[in-house]
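Labels such as buried or paired deserve a reason. Here is a request: take each label in turn and ask what stands behind it.

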Amino acid sequence: PNIIVTDTEGQRSEVPIAVGEILMEVLNENDFEEIEGVCGGIRSCATCHVYVKEGWLDKLSDKHEEELELLSGLSTQQTNSRLSCQIQMTDALDGLELTIAPFED
Ligand code: FES
């Protein structure tokens with residue numbers, strides 16, 4: 001499977017990913033520097049913030065309470081915001097499109 005990633009400069013690329021992998025980790029390994037993943041995926045840093053394209057949101061697992069809280073504290077939050085450390089790849093997510101959210105000021 002692949003995901004389609006648009007970086008903060010608007011550059012679009014296709015990124016190969018295996019089922020079971022965590023999106024934050026794969027983005028990190030693929031040198032998307034905006035995705036720092038400082039907390040290592042425990043829902044406490046929000047440096048893995050992405051915008052998921054409409055139409056894909058329903059296919060993702062529900063947000064944990066801590067994810068909701070963390071996202072709601074961001075000035076860059078949108079209705080399609082997710083923490084990429086909370087998204088695990090599945091077959092159903094093949095072709096998922098996301099945009100990396102800008103850093104907060
Ligand atoms: Fe820290 Fe996702 S990596 S919240």
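What follows is a set of short questions and answers on this predicted model.

Q: What rules apply to numbering and to confidence in this predicted model?
A: Residue numbers start from 1 along each chain as its sequence is written. The model is predicted, so local features need pLDDT of at least 70, side-chain atom pairs count only at pLDDT 80 or more, and totals for chains, interfaces and linings use all residues.

Q: How many helices and strands are there, and what makes a run count as one?
A: The protein has 2 helices and 5 strands. Both are DSSP runs, numbered from the N terminus: helices are H or I with at least four residues, strands are E with at least two. Along the sequence the pattern reads β-β-α-β-α-β-β.

Q: Why is the protein called as compact as a globular protein of its length?
A: The radius of gyration is taken over C-alpha atoms, and the globule rule is 2.2 Å times the number of residues to the power 0.38. For 105 residues the rule gives 13 Å, and the protein has 12 Å, which is close, so it is as compact as a globular protein of that length. Its C-alpha trace spans about 30 × 30 × 25 Å along the principal axes.

Q: What makes β1 and β2 a pair?
A: Two strands pair if DSSP finds at least two bridges between them. Strand β1 (residues 2-6) and strand β2 (residues 12-16) are joined by 5 bridges and run antiparallel. Thr-6 stands opposite Arg-12 in β2. The hairpin has 5 residues between the strands, and Gly-10 there takes a positive phi near 90 degrees.

Q: In which sense do β1 and β5 pair, parallel or antiparallel?
A: They pair in the parallel sense, over 4 bridges, with β5 covering residues 96-100. Ile-3 stands opposite Leu-96 in β5.

Q: Which bridges tie β3 to its partners?
A: Strand β3 (residues 49-52) is joined to β4 by 3 bridges, and the two run antiparallel. Tyr-51 stands opposite Ser-81 in β4. With β5, strand β3 also pairs in the antiparallel sense, over 3 bridges. Val-52 has Leu-98 as its bridge partner in β5.

Q: What is the strand order in the sheet, and which strands are at the edge?
A: The 5 strands form an open sheet in the order β2-β1-β5-β3-β4, with mixed pairing. The edge strands are β2 and β4 (81-83), since each pairs on one side only. The twist averages 35 degrees from one strand to the next.

Q: Which residues of β1 lie on the covered face, and which on the uncovered one?
A: Ile-3 and Val-5 form the covered face. Asn-2, Ile-4 and Thr-6 form the uncovered one. In a regular strand the side chains alternate between the two faces of the sheet.

Q: Why is Arg-82 classed as it is, buried or exposed?
A: A residue is buried if 20 or more other C-beta atoms lie within 10 Å of its own, exposed if 12 or fewer, and partly exposed in between; C-beta atoms are placed from the backbone. Arg-82 has 23 such neighbours, so it counts as buried. Arg-82 is found in strand β4.

Q: What does Arg-82 touch?
A: Two residues are in contact if their C-beta atoms, placed from the backbone, lie within 7 Å. Leaving out residues up to four places away in sequence, Arg-82 touches Val-50, Val-52, Leu-60 and Ile-87.

Q: Why is Lys-53 called partly exposed?
A: Lys-53 has 15 C-beta neighbours inside 10 Å, so it counts as partly exposed. Lys-53 lies in the loop between β3 and α2 (65-72). Beyond its neighbours within four places in sequence, Lys-53 is in contact with Glu-97 and Leu-98.

Q: What is notable about phi at Asp-31 and Ala-46?
A: Asp-31 is not a glycine, yet has a positive phi of about 65 degrees. Ala-46, also a residue other than glycine, has a positive phi near 65 degrees.

Q: Which class does each of them fall in, buried or exposed?
A: Asp-31 has 8 C-beta neighbours inside 10 Å, so it counts as exposed. Ala-46 has 21, so it counts as buried. Asp-31 is placed in the loop between α1 (23-29) and β3, and Ala-46 is found in the loop between α1 and β3.

Definitions and conventions. Axes are lines fitted to C-alpha atoms, for helices over the stretch in contact, and angles run from 0 to 180 degrees between N-to-C directions.
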